[in-house]
Amino acid sequence: MDREQVAAILAEIGTLLELKGENAFRTNAYHNAARVIANLSEDLAQVVREGRLADIPGIGSTLRDKITTLVSTGRLPYLEELRAEIPAGLVQMLRIPGLGPKKVKALYDQLHIDTLDKLQQACEAGEVARLRGFGAKTQTKILEGIAFLTQIGNRVRLDQAIVLAHGLVEGLRGLPGIKRLEVCGSIRRRRETVKDIDLLVSADDAGPIMERFVTLPGVVQVTGRGPTKSSVVVQKVFSSGVQITMNADLRVVSDEQFPFALHYFTGSKEHGIAMRLRAIKHGLKLNEYELAGEGRHIACKDEADIFHALGLQYIPPELREDTGEMEAAEKGTLPRLIRGDDIQGVFHNHTVYSDGANTIEEMALAAQALGHSYIGIGDHSQSLTVANGLTPERVLQQHKEIDRLNKKYKDFRIFKGTECDILEDGRLDYDDELLATFDYVVASVHSHFNQSREEMTRRIIRAIRHPRVTMLGHATGRLLLRRDGYAVDLDAVLQTAAETGKLIEINADPHRLDLDWIHCRRARSLGVQLVINPDAHSTAGLSNYLFGVDVARRGWLEKQHVFNTRSAAEVAKFFQAR
DNA sequence: GCCGTTTTCGGCCCGACTGTTTTCAGTCG
């Protein structure tokens, strides 16, 4: 049983215990442990083997034993007892906005409600409103919540959330009285998926800003309205026809409070808790309005001042997950994170030769417009017929065109690449002779996703070990919120990459973002070089490389950890040496 | 359930908003 599975089970235990009415600190210990395990940047099985579990902060002797049982046997009797005791429908009911463990337990204990269907019937019959602590409004909100459940409260891809957030920002910007305006929350931390939109404004008078906010275009429901905080539901239909529905919160504070509120609402929650604990150790109190102690009030003009006042380096939002950033900031050893303008060019891009929308020349010109000094073309290989993969003859034709364009554009370099399929058994889709004609080879899995973990791992490692392979494309094949990655021992893949000096791609397509940030940190610690590729299928898609930079930053990567921060000459030299 | 240069017991981050109350519990982030 791997890291994610163990984390999911610990979180499930925490939730089941909440529904039992357990002590909140005990349930929180499980949720905290789930997070710690999910964010572990080393191999869980190895930590268990070496008896180091209890060294991890948040894991004590009880959780050590339970995790050890899970990892070694794949089962946990304690969980099975809890599942037998708590109906699964109660967990579903928790997803309704406004319903927490206490209310769900009350519904179960008093009305024997243990499914969403029964809950809906009881609301419609007016039984829920008669319970102590409930009322007519709560009953109505529950019915609305059930109706909205399929659309609201689900996570949304970062690129889509950004569009909705910017719509709200544009609607507010320019209102008189707004001093500072910022998108906070997981969008600011650049998580790959986002649950809701958090906006923060500083102004002397919140009234008119709140009024505008709840009537902005796209707002379909107002779910909260107070003097400093309002909540709405926003909806947008994308040109693809996809309709996205999200919650959005706006907080309005004074300009003096803005830095504290910005830090607070950027989160993560766990990072915020760690910061408040640190403030307490300094004899201070930190909340969303101030950093203060007895008789003193520490003025901060921006977030950096807050960190410095607590003896810390400035921690960029992407690192605020309580996964070691506090300790590093105290020691002054935070990474100098890679930036978007460090990227000099990208590989793994498609053209009209396979399934792209633009020509090689159009892609090259678009890359130049982004300030890049080179581009790599990596169209699909022959067996991927659905994507118009290139036959050997068409490869040679494409190479001639690239040679011609390289003569035409003197200060820009086009590299000849391929996104070559990794076949079922780990062989490559072109013979060695043809592979030798490319400057570089991206090897990717596009078929037989259902292989066993062992087969898939063996298959990918065999491909990485092929001398002509330069980098591994989209390491797990996941599609965010749609398809899990295939089963593969990523740690073994990363170790092979480290051993053979091969590159691992951070696929910057916002549908994929694969490798994820946790494995980026793992790759970094193993000394593996990463490469950020947009997997562009059009000129517009090229700029997606910035989403990959976000992942790299969340993965603590610096410029030197990412291959395509190198110049065209350095890249050419690397390719020739392989 | 975790944790400890005050503690092996008794703490454990903090505030806004809602709905139900008549002073507050529950939920949320």
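Here a biologist asks and a modeller answers about the structure above.

Biologist: What kind of model is this, and how are its parts numbered?
Modeller: This is a predicted model, where local features need pLDDT of at least 70, side-chain atom pairs count only at pLDDT 80 or more, and totals for chains, interfaces and linings use all residues. Residues are numbered from 1 along each chain as its sequence is written, chains are lettered from A and ligands numbered from 1 in the order in which they are written, and side-chain values use heavy atoms, with hydrogens and water left out.

Biologist: Which helix gives the most to the largest nonpolar core?
Modeller: A nonpolar core is a set of buried Ala, Val, Leu, Ile, Met, Phe, Trp, Tyr and Cys residues joined through side-chain atoms within 4.5 Å. Buried means under 20% relative accessible area, exposed over 50%, and partly exposed in between, with a 1.4 Å probe and protein chains only. The largest core has 98 residues, and Leu172, Ile197, Phe213 and Ile532 touch the most other members. Eight residues come from the helix that gives the most, α10 (residues 158–172).

Biologist: How many residues are in the other core, which includes Ile37 and Leu70?
Modeller: This core lies apart from the largest one. Ile86 and Val128 are also among its members. Its count of residues is 45.

Biologist: Which strands stand at the edges of the seven-stranded sheet?
Modeller: Helices (H or I, at least four residues) and strands (E, at least two) are DSSP runs, numbered from the N terminus. Two strands pair if DSSP finds at least two bridges between them. The sheet is open, with parallel pairing and the order β11-β12-β13-β14-β15-β16-β17. An edge strand has a single partner, so one side is left without a neighbour in the sheet; these strands are β11 (345–346) and β17 (530–533).

Biologist: Which residue in β17 stands opposite asparagine 507?
Modeller: Strand β16 (residues 503–507) and β17 pair in the parallel sense over four bridges. Opposite asparagine 507 in β17 is asparagine 533.

Biologist: What angle does the direction of helix α23 make with that of β17?
Modeller: Helix α23 (residues 545–554) packs on the sheet and touches β11, β16 and β17. Contact means heavy atoms within 4.5 Å. Axes are lines fitted to C-alpha atoms, for helices over the stretch in contact, and angles run from 0 to 180 degrees between N-to-C directions. The angle is about 145°.

Biologist: How far apart are the end C-alpha atoms of helix α18?
Modeller: The expected span of a helix is 1.5 Å times one less than its number of residues. The 17 residues of α18 (residues 392–408) should therefore span 24 Å. The model agrees, with its end C-alpha atoms apart by 25 Å.

Biologist: What arc do the buried residues of α18 cover?
Modeller: Val395, Gln398, His399, Glu401, Ile402 and Leu405 are buried in α18. The arc is that of the directions from the helix axis to the C-beta atoms. These residues lie on the same side of α18, because their arc is only 165°.

Biologist: Which residues are exposed on the other side of α18?
Modeller: The buried residues are covered by elements including α17 (360–369), β12 (374–380), β13 (413–421) and α19 (432–435). On the other side, the exposed residues are Glu393, Lys400 and Lys407.

Biologist: Which residue is joined to glycine 267 by a cis peptide bond?
Modeller: Most peptide bonds are trans. This one is cis, with omega about -5°. The partner lies in the loop between α13 (258–266) and α14 (269–281). The partner is serine 268.

Biologist: Is tryptophan 556 buried or exposed?
Modeller: Tryptophan 556 lies in the loop between α23 and α24 (568–577). Its phi is positive, about 65°, although it is not a glycine. With a relative accessible area of 10%, tryptophan 556 is buried.

Biologist: What is the relative accessible area of histidine 112?
Modeller: Histidine 112 is in the loop between α7 (101–111) and α8 (116–124). Its phi is also positive, near 60°. Histidine 112 is exposed, with a value of 57%.

Biologist: Which residue of β7 is the bridge partner of serine 230?
Modeller: Strand β7 (residues 243–253) is mostly covered, with nine of its eleven residues buried. Nine bridges join β6 (residues 229–237) to β7, and the two run antiparallel. The partner of serine 230 is leucine 250.
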